[in-house]
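Subject: The structure I promised you

Hello,

Here is the structure we talked about, with its sequence. Have a look at it first, and then read on for what turned up.

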Amino acid sequence: MASVLAFLTLGLVALGAQGARGRGPAPITIRAAHVFDGTGTLIENGVVEVTGTKITAVDKREGPVTYDLGDATLLPGMIDVHVHLNWYFSANGKYGGGGDTADYTTQAILDNARKTLMAGFTTVQSLGAASDKPLRDAIAAGVIVGPRLLTSISQIQAGTMTAEQLRDRVKQAKAQGADVIKFFASGSIRDGGKMNVTQQQVDAVCAEAKAQGLRSLVHAHDSASIIASVKAGCSQIEHGLFADDAAIKAMKDANVYFDPNIGLVLQNYLWNKDHYMGSGNFNDEGFASMEKALPNLPIIFKKALAAGLRMPMGTDAVAGAHGENAREIVARVQAGQTTRAALIGATSLAAESLGLGTTIGTLATGFEADIVAVPGDALTDISNVHHTKFVMKGGKVYKR
Ligand SMILES: [Zn+2]
C-alpha cells in the first residue's frame, strides 16, 4: 500500500507540474496499416491516439502522426495468463543449480520481466512466487522495466491439509497481497498428472478464494481433477492435458476458463533438456512423459475449440521460455483456431479472465495505453506476433 500511495503521489506531482505550465500531456499518435482492436474489429490505416497513460481515440484520421509504423499491425499489449517469472537458469547453466547469490537471482528475474515486456506482453499473471510481490510493486511504480504483473505469490499444494487449514492458507495468501489463488489438483505431467487431492480440499480452496474476492486457478491434468475443480466453482483450469469429453463438457457447462498451454511449456523443457535434467522430477522418465504428451496438445485444443470453451492465452512460461510467449498464439492457429480468435485470446479475452476486461486488452478510448506493433499483417500471417517491433505500456514507449 505504501508503494501504491507513493506512486499516486508522484503522479499528482507530475500532473501538478504540467498544470503549472497550463497544459496537460500532449497527445501521441500512432498509425499503422492494420489496427486490430483486440475484440475482433480490424481498421485498415488506423490511428491510435494516446494522452498520458490512456487511449483517447482510435480512428482513421489524415495528417502527420508521432509514430508512423507503416505496414505493421497494431494490437493491444498482449497478455499471458500463466507465467513463472522467478524460473531461471543458474550461473552453472542448470535449473535449480544452486549456489547463486541473491543478486544473481534478482538480475535473472529482472531479465525475465524485461524480455517478456519487449516481446510485446504488457501484462502477465505469475502463478506464482514470493519474489513476484516486490517485482509487481516495482514495475507498477515505474522503477523496473516489465509487464503489469498479477501474482498468486505462492502456490497451494493440499497434501494432507484439512479443509480448515486450506481456507486459512487462502486467507493468508490474500493477506500477503495475492491477486489470484493457484492450487494443484493433480500431479505434474512428469508424474502422470493424476488427481492428488480430495473433493473437500478443492471445495475449500475455491470457495474460500471466492469468499475473499479472488479468482482461483487450478492445475488439473486428468478428467477427475478437472471435474472436481469445476464442481468446486474454481475460476479457471490450467493444462488439462488428459481431459476427456466429460471433462470438456463440465468446463463448458460451468463456463469456466480453460488455459491449455499447448505451444511452449513442454517444448521448452525438451529444447532445454540439458539445463533441466537432474532437478526434481526432470529425469529420463519425466522427459519421456513429456515427449509422449506432445502429440496430444493440438488434439486437446481442437476438442476444446469445438466445444466452444473460453480459452484465454497462457503459456506456463518457465526458465528458457520468457520472451517466447507468442509461440503459444502461433501454436493455437496451427491447431485450428482462426488468427482473429487467437489474437482475441491473447488480448481482450485474457483481460476479461483476469477481471480487467474494461481496462486492458482492447484498443478503445478510455483503456490503458498498452499498445504493441508486429510487422506486416498479423491476421494473415500469425507468425508475425513473434517479432514485436513496438511496445508501449501505460503510454510509455519501451521499444520502437
Ligand atoms: Zn505453471
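Strands S15 and S16 run antiparallel and are joined by three bridges. They form a hairpin with two residues between them. One residue to click on in that turn is Gly394, which has a positive phi of about 55°. Along the hairpin, Met392 stands opposite Val397 of S16, and Lys393 has Lys396 as its bridge partner. Please keep in mind that this is a predicted model.

Now follow S15 to its other neighbour. S14 and S15 pair in the antiparallel sense, over three bridges, and Ala373 of S14 has Phe390 as its bridge partner in S15. Are the faces of S15 covered or open? Both are covered: Phe390 and Met392 on one side, and Val391 and Lys393 on the other, are all buried. Do notice that a lysine is among those buried residues.

One step further along, S14 pairs with S5, again in the antiparallel sense, this time over four bridges. Here Thr73 of S5 has Val374 of S14 as its bridge partner. S5 also pairs with strand S1 (residues 28–36), but in the parallel sense and over two bridges. In that pairing, Val35 is matched with Leu74 of S5. Like S15, S5 is covered on both faces: Thr73 and Leu75 are buried on one side, Leu74 and Pro76 on the other.

**How the chain divides**

The domain assignment gives domain 1 (23–76 + 363–399) and domain 2 (78–353). You can see from the numbers that domain 1 is made of two stretches of the chain. The C-alpha centres of the two domains lie 29 Å apart, and each domain gives 20 residues to the contact between them. Which elements give two or more residues to the side of domain 1 that touches domain 2? They are strands S5 (73–76), S14 (371–374), S15 (390–393) and S16 (396–399), so you have already met them. By class, that side of domain 1 has 11 nonpolar, six polar and three charged residues.**The nonpolar core**

In soluble globular proteins, nonpolar side chains tend to be buried together. In this model, the largest nonpolar core has 118 residues. Val48, Leu74, Ile181, Val205 and Met251 are the ones that touch the most other members. The core draws at least three residues from each of domain 1 and domain 2. Which residues does Val48 touch, not counting those up to four places away in sequence? They are Ile30, Val35, Ile55, Val58, Leu74, Leu363 and Ile371.

**Two open sheets**

An open sheet of three strands has the order S6-S7-S8, with parallel pairing. Its edge strands are S6 and S8 (148–151), each of which pairs on one side only. On average, neighbouring strands of this sheet are turned by 15° against each other, direction ignored. S6 is joined to S7 (residues 121–126) by four bridges, and Met78 has Phe121 of S7 as its bridge partner. Helix H3 (residues 132–140) packs on this sheet, touching S7 and S8, and its direction makes about 150° with that of S8.

The other open sheet has five strands in the order S9-S10-S11-S12-S13, also with parallel pairing. Strands S9 (156–157) and S13 (257–259) stand at its edges with a single partner strand each, so one side of each is left without a neighbour in the sheet. Within the sheet, five bridges join S11 (residues 215–222) to S12 (residues 236–242), and Val218 stands opposite Ile237 of S12. Helix H6 (residues 223–231) packs on the sheet and touches S11 and S12, with its direction at about 155° to that of S11.

**A histidine to look at**

Finally, find His84 in the loop between strand S6 (78–83) and helix H2 (102–118). Why does His84 count as buried? The reason is that His84 has 22 C-beta neighbours inside 10 Å, and 20 or more are enough for a residue to be called buried. Leaving aside neighbours within four places in sequence, His84 is in contact with Ser126, Leu127, Ala317 and Val318. Try finding His322 as well: His84 and His322 are 238 residues apart along the chain, yet their C-alpha atoms are separated by 8.6 Å.

Enjoy exploring, and write back with any questions!

Best wishes

Note on methods
Residues are numbered from 1 along each chain as its sequence is written. This is a predicted model: local features need pLDDT of at least 70, side-chain atom pairs count only at pLDDT 80 or more; totals for chains, interfaces and linings use all residues. Domain bounds come from an automatic or database domain assignment. Two residues are in contact if their C-beta atoms, placed from the backbone, lie within 7 Å. Ala, Val, Leu, Ile, Met, Phe, Trp, Tyr, Cys and Pro count as nonpolar, Asp, Glu, Lys and Arg as charged, and the others, Gly among them, as polar. A nonpolar core is a set of buried Ala, Val, Leu, Ile, Met, Phe, Trp, Tyr and Cys residues joined through C-beta atoms within 7 Å. A residue is buried if 20 or more other C-beta atoms lie within 10 Å of its own, exposed if 12 or fewer, and partly exposed in between; C-beta atoms are placed from the backbone. Two strands pair if DSSP finds at least two bridges between them. Axes are lines fitted to C-alpha atoms, for helices over the stretch in contact, and angles run from 0 to 180 degrees between N-to-C directions.
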